[in-house]
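Please read the points below with the structure open beside you, and follow each one on the model as you go.

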Amino acid sequence: MTSIFPPALVFILGAVLIPFLKGRVKSVYMLILPIIAFLVLRGIPVGNYVIGQIMDKDLFLRIDKLSLVFGYVFILATFIGIVYALHVKESTEHTAAFVYAGSALGIVFAGDLITLFIFWELLTIGALVVLWSNKTKAAQRAAYRYIMVHLFGGVSLMSGIILRVVETGSTEFSFIGVSGLSSYLILLGVAVNVAIPPFHSWLPDTYPEASVTGAVFLSVFTTKAAVYVLARAFPGAEILIIAGVIMAVYPIFFAVLENDLRRVLSYSLINQVGFMVVGIGIGIPLAFNGAVAQVFVHVLFKSLLFMAVGAVLYRTGTAKATELGGLYKSMPITLVFTLIGAASISAFPLFSAFATKSMIISAAGHEGMTVVYFLLLFAAAGVFHHAGIKVPFFTFFAHDSGKRPKEAPLNMLIAMGIASVISIGIGVYPEALYSILPNTVDYVYVPYTADHVISQLLLLFGAFTAFSFLMYTGIYPPEKRSINIDADWVYRKAAPAVVSLIGSPIGRIYAWFARAVFETLPRFLAWVTKNPLAAMKIGTDTLLLPLSGGSKEAKKSLAREKAAYPGTVAQWSVSTALGIALVIFLAYLILLFI
Amino acid sequence: MIKHLPALLIVIPLLVAIITPIIGRLHWVLSWYAVTITTFISFVISLLLLQTVSVQGRISYWMSGWEPPFGIEYSVDYLNAYVLIIVSFMAFAGAIYSRKNIDVEIEDETRKPLFYTIYLLFVTGLLGMVVTGDIFNIYVLLEIASLAGYALIALGKKRQALVAAYNYLVMGTVGATFFLLGVGYLYLMTGTLNIADLAVRLPEFYETKAIFTAFAFIVVGLSIKLAIFPLHFWLPNSYGYAPSVVSAVMAATGAKVAAYVLIRVMYSVFTPAFFTHTPFNIQYIFLLLAVAAILVGSIMALAQTDIKKMLAYSSVGQIGYIVLGIALMNVTGMMGSLIHLLNHALMKGALFFAVGAVVYRTGLCSIENLRGLGKKMPWTMAAFTIAALSMTGIPLTVGFISKWYLAVASIESGMWWLVPIILLSSILTAVYFWRILDNVWLKPAPGEESHEHGHDSHQKPVKSNDAPLSMVIPTFTVAVLCLVFGLFAYAPVSIAEKAALILLK
């Protein structure tokens with residue numbers, strides 16, 4: 001064994017102690033853990049190390065420029081998230097959060113596919129427990145769907161990994177590229193975690209159900225760790241450009257319609273990840289760097305926004321746009337941080353995304369992908385629309401809800417402050433971020449050109465005008481009370497036609513599919529197996545009913561059968577079992593003698 | 001002394017089994033001591049045997065000095081030693097666990113020494129089946145283990161236990177008879193009963209109908225004992241109504257030994273060369289049954305409301321995995337099967353132990369009644385959760401290791417379509433364990449629902465009332481082993497690899 005200690009284990013093993021500590025000691029301990037992890041990470045030189053063995057395969061830890069960027073931002077996000085969650089007394093969520101963050105670090109520094117898969121599944125379990133720790137019924141149901149979807153993804157990933165290991169004979173985790181069944185399966189498994197449509201619906205389904213503090217962690221790790229895998233294994237895969245553009249554009253409509261602000265942020269999360277996926281798909285150094293830089297800044301401003309909305313939720317008990325408004329007087333500091341987050345995500349000049357998002361968009365332009373270029377511009381405007389304006393506007397201004405909550409707790413404010421300062425810092429001095437990016441390009445990307453600043457301001461102004469117009473004319477949808485996007489949006493008078501035409505059926509298909517696979521099917525199987533014979537009879541009778549003309553008697557007897565189900569199950573008698581044994585014996589004899 | 005270890009492995013428990021009811025008349029606890037110490041000695045002997053095998057290779061012990069094939073030979077190689085360790089360890093853990101468990105599940109004081117006597121005979125039979133190198137001797141010890149098994153199941157408190165034991169008796173006897181008939185055919189043709197000798201003499205008769213018939217008899221007989229779907233009829237009720245400790249030990253050892261015998265017969269008596277002589281590729285029957293077992297077992301487990309029956313059906317599915325590896329007929333597949341023997345013993349053992357602890361505290365074992373138990377019995381439920389995660393095949397647990405090898409083996413033998421079946425059934429497993437974990441950790445205990453909507457600060461912390469230590473320690477140890485052998489899988493994997501290489505040489 002080597003003396004290298006994986007940073008992931010600092011978190012995961014460190015988490016074990018948390019339930020045994022109390023009060024101030026616990027707080028200090030949790031704040032020190034990310035710092036230790038950072039120091040450990042700094043202490044390991046770039047390279048590949050064997051950190052253990054499972055079965056007959058070595059497990060590797062890989063440190064290189066790409067993994068370091070992700071590692072730094074994950075540790076930073078953990079620190080911020082923990083500061084934000086310091087007021088939470090219960091240990092379950094903290095422990096789970098550290099396991100969760102540690103698994104993400106494990107994925108990022110995995111040098112082989114088995115290590116990757118181990119942390120991949122641990123990540124799912126960590127996220128599951130984080131979800132659980134919000135003890136509402138809705139959170140628990142969401143957790144069930146979450147685990148099922150991700151187990152499905154895990155199965156696909158594992159099949160792909162096994163196929164690949166058998167094919168190539170090595171477990172090395174490096175460039176895979178889209179070719180052959182194994183790579184499709186791996187891509188599919190990763191796509192579930194990246195939330196590429198049609199596998200995205202778990203994200204807006206679960207994140208809004210998490211606790212105030214849990215959502216901050218959730219918003220960081222699952223998708224970004226998966227983006228790392230894409231960046232490592234599938235750079236330049238063209239299918240990712242298409243997937244990424246869909247991700248960037250498609251959620252905008254949902255985000256506009258949605259009433260729950262944390263769900264708005266969830267959709268906007270998918271939209272932002274879309275930019276990263278496009279960048280990885282384009283694959284030229286500029287785009288790739290842009291994607292990685294986007295991950296870095298995105299983690300900060302997205303958790304900042306989740307923290308801000310979370311703080312409001314914490315103080316007022318709701319995150320619904322219709323129930324909020326007019327909070328600017330009572331929560332002014334939170335307002336400022338929200339505005340910084342909003343400006344960052346919308347890529348205002350001097351805020352972080354300005355320096356990164358344009359790298360991807362201009363790379364698309366550079367490569368002559370005109371359609372992609374314009375769709376991304378549209379998506380960028382949409383971001384400003386829903387995340388940049390909608391979230392602060394409906395929370396702090398709009399109609400006065402009459403709520404006068406206290407300002408957010410001090411630890412929350414500090415956490416938001418850290419994220420804000422770094423977001424502005426990167427916006428003002430992007431070279432610091434550029435210097436740690438993986439690809440060294442021969443030219444330095446300069447974000448602050450007059451053209452870029454002006455075009456970006458124009459774009460933002462256009463989006464702002466559109467919003468103002470819609471608000472002024474009173475047709476902006478979220479002022480209508482809505483709970484479920486599937487059920488009632490048809491009745492909304494101004495739901496954009498595009499959404500109802502495309503989005504609604506697709507959304508319903510997802511919902512139906514998830515229900516069918518993960519809830520109805522198991523229930524049906526359980527129902528049938530309670531009394532297979534009677535179930536089969538009911539089934540055939542139901543099918544035969546229309547054929548027989550649907551006489552009343554037949555209907556009645558069918559209803560009777562259903563009511564009596566499952567009745568007393570006719571147990572197999574010994575003689576049946578013996579009969580089966582004989583049949584199998586005969587089958588053997590016949591097959592052997594012919 | 002070391003030389004006589006294979007015989008001592010059987011002789012010691014057999015003799016102690018005779019004394020147990022006698023000392024039990026003084027006080028039943030004495031019989032508990034007798035059984036616990038004896039099973040521990042067996043465990044130590046098994047470890048010593050493995051150590052000896054790794055030093056000097058296959059051990060051949062001549063019973064009372066008669067040279068095989070004339071006398072009975074006890075032979076131990078890596079495979080035997082490996083299975084012996086599984087059986088004796090689980091028997092030992094079960095013995096510790098049984099002390100408090102039978103307080104509830106077999107209340108009658110006078111029956112307790114009886115229980116321990118039969119328990120020891122059961123273990124003796126199983127150990128004997130593994131250690132012997134004589135196929136007729138396997139039959140004899142199989143009957144000892146089976147008869148003891150019927151009696152153990154009949155000790156269950158509910159009346160259905162008697163019916164279950166009776167059904168098992170009928171099925172088991174038919175299975176044993178089939179096995180005996182097959183052995184008879186083999187003896188008729190070759191004139192020998194020694195396994196090593198059979199392997200030498202059989203090839204000249206490979207294409208005779210008598211040998212085909214013998215094969216069919218033996219395999220179907222063992223399939224009944226192993227409860228391969230659709231011959232699993234006896235299993236769910238037996239495991240469901242037996243005392244928990246019996247369910248745990250039987251699930252962890254009984255099926256494993258039957259699988260061992262199947263492996264022995266298929267690969268040491270009928271060598272892989274035999275299967276090239278059959279007109280039909282037997283492999284496909286096994287694969288078909290294995291896949292059916294995996295799917296049907298998991299689906300049936302979904303429908304159960306009684307947690308012990310659910311675990312029993314899940315055993316049917318897990319046996320499918322073991323058979324799958326055996327049927328793939330390559331080294332990786334055999335390794336997968338052998339590793340799963342250990343892994344399933346640990347997982348199912350821990351699960352049944354945990355359920356037994358719940359029965360001890362609440363007296364009930366329906367899934368509904370598990371609500372809120374996470375707070376009341378944290379250690380037991382933590383063990384249950386670890387084992388449940390293992391069953392779904394989460395990495396770093398033993399379940400992952402088994403599935404990895406089975407999947408790799410499927411691809412190696414060109415049957416990649418097995419991979420989704422192997423892995424998707426782990427999602428089914430997750431579904432049926434989710435129902436339980438959901439009840440255990442998330443739902444409030446019955447009668448406490450009213451608190452749910454109250455303020456958190458007013459909620460009284462639920463007092464932990466875990467099972468007694470003598471139950472929690474074995475449960476938790478076995479569950480932790482699920483993690484240990486998932487993390488440090490090298491030890492079982494290397495033994496399984498050596499055993500598989502010997503079998504498929």
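1. Confidence in chain B comes first: its mean pLDDT (the predictor's confidence in each residue, from 0 to 100) is 86, and 96% of its residues reach 70 or more. Over residues 451-458 of chain B, however, the pLDDT is below 50, and this stretch has four contacts in the model beyond near neighbours in sequence, where two residues are in contact if their C-beta atoms, placed from the backbone, lie within 7 Å. Where pLDDT is low, the predicted coordinates should not be read in detail.

2. This is a predicted model, in which local features need pLDDT of at least 70 and side-chain atom pairs count only at pLDDT 80 or more, while totals for chains, interfaces and linings use all residues. Residues are numbered from 1 along each chain as its sequence is written, and chains are lettered from A and ligands numbered from 1 in the order in which they are written.

3. For the complex, the predictor gives an ipTM of 0.82 and a pTM of 0.86.

4. How many residues does each chain bring to the contact? Chain B gives 44 residues and chain A gives 39 residues. On the side of chain B that touches chain A, the elements giving two or more residues include α6 (160-190), α12 (282-303) and α18 (418-442) of chain B, with helices being DSSP runs (H or I, at least four residues) numbered from the N terminus. The largest share of this side, 11 residues, comes from α18(B).

5. Chain A is assigned domain 1 (1-234) and domain 2 (235-482), with bounds from an automatic or database domain assignment. Their C-alpha centres lie 24 Å apart, and the contact takes 36 residues from domain 1 of chain A and 41 residues from domain 2 of chain A.
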